[in-house]
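Biologist: Please take a close look at a single part of this model and work outward from there. I would like to know what is buried, what covers it, and how the neighbouring parts are arranged.

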Amino acid sequence: MGAPPTEKPMRADARRNYERIVTAAQQAFAEQGPDAPLEEIARRAGVGIGTLYRHFPNRETLIEAVYRSSIEQLSQRAHELLEEHSPATAFEHWLREQVQWVMDNRVLATTLKAGMDHNTPTFQLCRTAIVGAAATLLQAAQDAGAIRTDIEPRDLLRFGHGIGVACETTPDAAERLIAVTLDGLRTAPAADGH
């Protein structure tokens with residue numbers, strides 16, 4: 001997980017505290033939403049509330065850091081999946097992970113986007129990372145002849161976002177919608193029938 005885009009490098013102990021706070025905040029926000037108590041987040045991270053405030057002077061900066069970290073993790077998964085699987089399988093796994101990310105993080109993302117300029121370094125960094133990840137996966141799957149060539153990276157992101165939003169309250173429908181979407185994106189039907 002990267003440091004804030006405009007800050008100087010941190011000492012090793014400060015970096016560890018920063019990362020522990022972000023991890024604890026991710027968990028707390030996932031369980032309780034973006035209004036999770038900061039005192040509880042500090043406790044989960046094993047730091048004092050003063051340490052939390054030194055890194056994150058307000059809730060908005062913490063939400064921004066959690067959002068940036070989760071986008072970096074989702075983007076990194078694209079590269080990991082391509083190392084572990086064929087391009088077609090990596091593409092399918094990542095679409096599923098993207099849908100799950102949307103279902104898990106939509107409230108947090110909406111909260112952040114409502115109070116922040118979309119031209120900030122964080123949004124630019126996140127946009128570049130996620131579009132780059134989608135482009136890498138898509139290009140590999142298209143080069144392998146597995147996915148239609150008229151699909152663009154932002155289309156892949158729109159599919160995942162749309163399914164995630166549609167299934168936020170009915171998560172059991174997500175897999176069926178993903179399967180239908182993948183059938184429409186493939187150049188040929190899947191050998192196993194889905």
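Modeller: L156, L157, G160, I163 and G164 are the buried residues of helix 7. This is a predicted model. Viewed down the axis of helix 7, the buried residues lie within an arc of 135 degrees, so they line one face of the helix. An α-helix has 3.6 residues a turn, so residues three or four places apart point the same way. Helix 7 has 14 residues, and the distance from its first C-alpha to its last is 20 Å, close to the 20 Å expected at 1.5 Å a residue. Its buried residues pack against helix 5, helix 6 and helix 8.

Take helix 8 next. This helix covers residues 174-185, which is 12 residues, and it reaches 16 Å between its first and last C-alpha, close to the 16 Å expected at 1.5 Å a residue. A174, I178, A179, T181, L182 and L185 are its buried residues. They cover an arc of only 165 degrees around the axis, which puts them on the same side of helix 8. On the face turned away from that buried side, helix 8 carries the exposed residues R176 and V180. The cover over the buried residues of helix 8 includes helix 5 (87-114) and helix 7 (153-166).

Two residues of helix 8 show this packing in detail. T181 is found in helix 8. With a relative accessibility of 16%, T181 counts as buried, because the cut-off for buried is under 20%. Not counting residues up to four places away in sequence, T181 touches L95, F159 and I163. I178 also lies in helix 8, and it is buried, with a relative accessible area of 3%. Its contacts, again not counting residues up to four places away in sequence, are L95, R96, V99 and I163. I163 is thus a contact of T181 and of I178, and it is one of the buried residues of helix 7. L95 likewise touches T181 and I178. I178 can also be placed against E92: the two are 86 residues apart along the chain, and their C-alpha atoms are separated by 8.7 Å.

Helix 6 is another partner of the buried residues of helix 7. At 1.5 Å a residue, the 23 residues of helix 6 (residues 121-143) should span 33 Å, and the end C-alpha atoms are 32 Å apart, which agrees. The buried residues in helix 6 are T122, F123, C126, I130, V131, A133, A134, L137, L138, A141 and Q142. Among the elements that cover them are helix 4, helix 5 and helix 7. After helix 6 comes G145, which has a positive phi, near 75 degrees.

Within helix 6, A133 is worth following. A133 counts as buried, at 1% relative accessibility. Leaving aside neighbours within four places in sequence, A133 is in contact with S75, A78 and W94. A133 and E72 are 61 residues apart along the chain, with their C-alpha atoms separated by 9.6 Å.

Helix 4, which is part of the cover over helix 6, also meets helix 1. The axes of helix 1 (residues 12-32) and helix 4 (residues 59-84) come within 9 Å and cross at roughly 90 degrees. That makes helix 1 roughly perpendicular to helix 4. On the helix 1 side, the residues in contact are Y18, I21, V22, A25, Q26 and F29; on the helix 4 side they are R59, L62, I63, A65, V66, R68, S69, S70 and Q73. By type, the residues of this contact divide into 9 nonpolar, 4 polar and 2 charged.

Last, the loop between helix 4 and helix 5 holds H85. At 31% relative accessibility, H85 counts as partly exposed. Not counting residues up to four places away in sequence, H85 touches A90 and H93. H85 and H55 are 30 residues apart in sequence, and C-alpha to C-alpha they are 38 Å apart in space.

How values were computed:
Residues are numbered from 1 along each chain as its sequence is written. This is a predicted model: local features need pLDDT of at least 70, side-chain atom pairs count only at pLDDT 80 or more; totals for chains, interfaces and linings use all residues. Side-chain values use heavy atoms; hydrogens and water are left out. Axes are lines fitted to C-alpha atoms, for helices over the stretch in contact, and angles run from 0 to 180 degrees between N-to-C directions. Helices (H or I, at least four residues) and strands (E, at least two) are DSSP runs, numbered from the N terminus. Angles under 35 degrees count as roughly parallel, over 145 as roughly antiparallel, 65 to 115 as roughly perpendicular and the rest as oblique. Contact means heavy atoms within 4.5 Å. Ala, Val, Leu, Ile, Met, Phe, Trp, Tyr, Cys and Pro count as nonpolar, Asp, Glu, Lys and Arg as charged, and the others, Gly among them, as polar. The expected span of a helix is 1.5 Å times one less than its number of residues. Buried means under 20% relative accessible area, exposed over 50%, partly exposed in between (1.4 Å probe, protein chains only). The arc is that of the directions from the helix axis to the C-beta atoms.
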